[in-house]
Amino acid sequence: MNLAIIVLFGVTLMYISIAERFATYLKLVALQGVLLFLLAFSELSGANDLASLIFVVAETLIFKAIAVPVLLRNIVKKMKVAKVHAKAVPAFYSLLLVLVAMGVSVVLGDMLKIGNIEKIFMITALFAVFTGLILVITHKKIFPHLVGFLVLENGVFMFSLAVGSEMPFLVNVGILLDLFASVLILGVFASRIGKRLNDPDVEDLSSLKD
């Protein structure tokens, strides 16, 4: 069951690297939230810490799968931009980069043998972090940068799942607060810029100081 979920999560990472419409980003971010919920519930359902289990469910299903996509959708509506920048790296090359990142993740995951960390979670976490970085590097618009940051955050959450039922409660609190603060700040940032710039790109940020 977990293996199938992880494989599907990996597919979403490859799909998000070639997506060209922001609506697709929203669906994939929501799907990743659901998948992380299923993984977290499966890993922690046997634990005795009910509070930690409830917190993880709220963090993944309610926040990642519902609240974040709703926030992103509102940002897209305010920006009134539906597709990625024409100067973004073509989807084919983005996919190649992500495939290379997947290969590097497999190699690193095999090399890094830390305690009781499960290899498959480690590999997937590294893959998500690399994919998030690739989204930031290969796109011009602010919105894909925000999505890339969220994918990177999902990778960090996957790292915490790598330790299974041993996941500390405070680690989850830290991840949630970091994610909430980041989405809130970047969301307001993007929406405010969208009011001044019709098609907000990273390169246009320099004009705001004038």
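Which exposed residues does the face of H1 turned away from its buried side carry? They are Leu 3 and Ala 4, where exposed means over 50% relative accessible area, buried means under 20%, and partly exposed lies in between (1.4 Å probe, protein chains only). Before going further, a word on the model itself. It is predicted, so local features need pLDDT of at least 70 and side-chain atom pairs count only at pLDDT 80 or more, while totals for chains, interfaces and linings use all residues. Residues are numbered from 1 along each chain as its sequence is written, and side-chain values use heavy atoms, with hydrogens and water left out.

The overall layout is easy to take in: the chain has seven helices and zero strands, so that reading from the N terminus gives α-α-α-α-α-α-α. Here helices (H or I, at least four residues) and strands (E, at least two) are DSSP runs, numbered from the N terminus. Of the chain's 210 residues, 47% count as buried.

Back to H1. This helix has 17 residues and spans 25 Å from its first C-alpha to its last, close to the expected 24 Å at 1.5 Å a residue; the expected span is 1.5 Å times one less than the number of residues. Its buried residues are Asn 2, Ile 5, Ile 6, Phe 9, Gly 10, Thr 12, Leu 13, Ile 16 and Ser 17. They sit on the same side of H1, because they cover an arc of only 155° around the axis, the arc being that of the directions from the helix axis to the C-beta atoms. An α-helix has 3.6 residues a turn, so residues three or four places apart point the same way.

H1 also takes part in the largest pocket, which has a volume of about 160 Å³. On a 1 Å grid over the protein atoms alone, a pocket is an open set of points where a 1.4 Å probe fits, with protein on both sides within 12 Å along at least five of seven lines; lining residues have an atom within 4 Å of a point. Grid points are joined across faces, edges and corners, and the volume is the space filled by probe spheres set on the points. Helices H1 (2–18), H4 (91–111) and H5 (119–138) each supply at least two lining residues, with the largest share, six residues, coming from H1. The lining includes Leu 3, Val 7, Met 102, Ile 120 and Phe 127. By class it has ten nonpolar, two polar and no charged residues; Ala, Val, Leu, Ile, Met, Phe, Trp, Tyr, Cys and Pro count as nonpolar, Asp, Glu, Lys and Arg as charged, and the others, Gly among them, as polar. Val 7, found in H1, is partly exposed at 49% relative accessible area. Its C-alpha atom is separated by 9.8 Å from that of Ile 120, although the two residues are 113 apart along the chain.

Next comes the largest nonpolar core, with 38 residues; those with the most contacts inside it are Tyr 25, Leu 72, Phe 143, Val 147 and Met 158. Such a core is a set of buried Ala, Val, Leu, Ile, Met, Phe, Trp, Tyr and Cys residues joined through side-chain atoms within 4.5 Å. Two or more residues each come from H1, H2 (22–44), H3 (50–79), H4, H5 and H6 (142–161), and H2 gives the largest share, nine residues. In soluble globular proteins, nonpolar side chains tend to be buried together.

Two other helices are well covered. In H6, 16 of the 20 residues are buried, so this helix is largely enclosed by the rest of the structure. H5 is mostly covered too, with 14 of its 20 residues buried.

Finally, two more pairs link distant parts of the sequence. Val 29 belongs to H2 and is buried at 5% relative accessibility; its C-alpha atom and that of Lys 64, 35 residues apart along the chain, are separated by 7.6 Å. Ala 82 lies in the loop between H3 and H4, and its C-alpha atom is separated by 8.5 Å from that of Glu 20, 62 residues apart along the chain.
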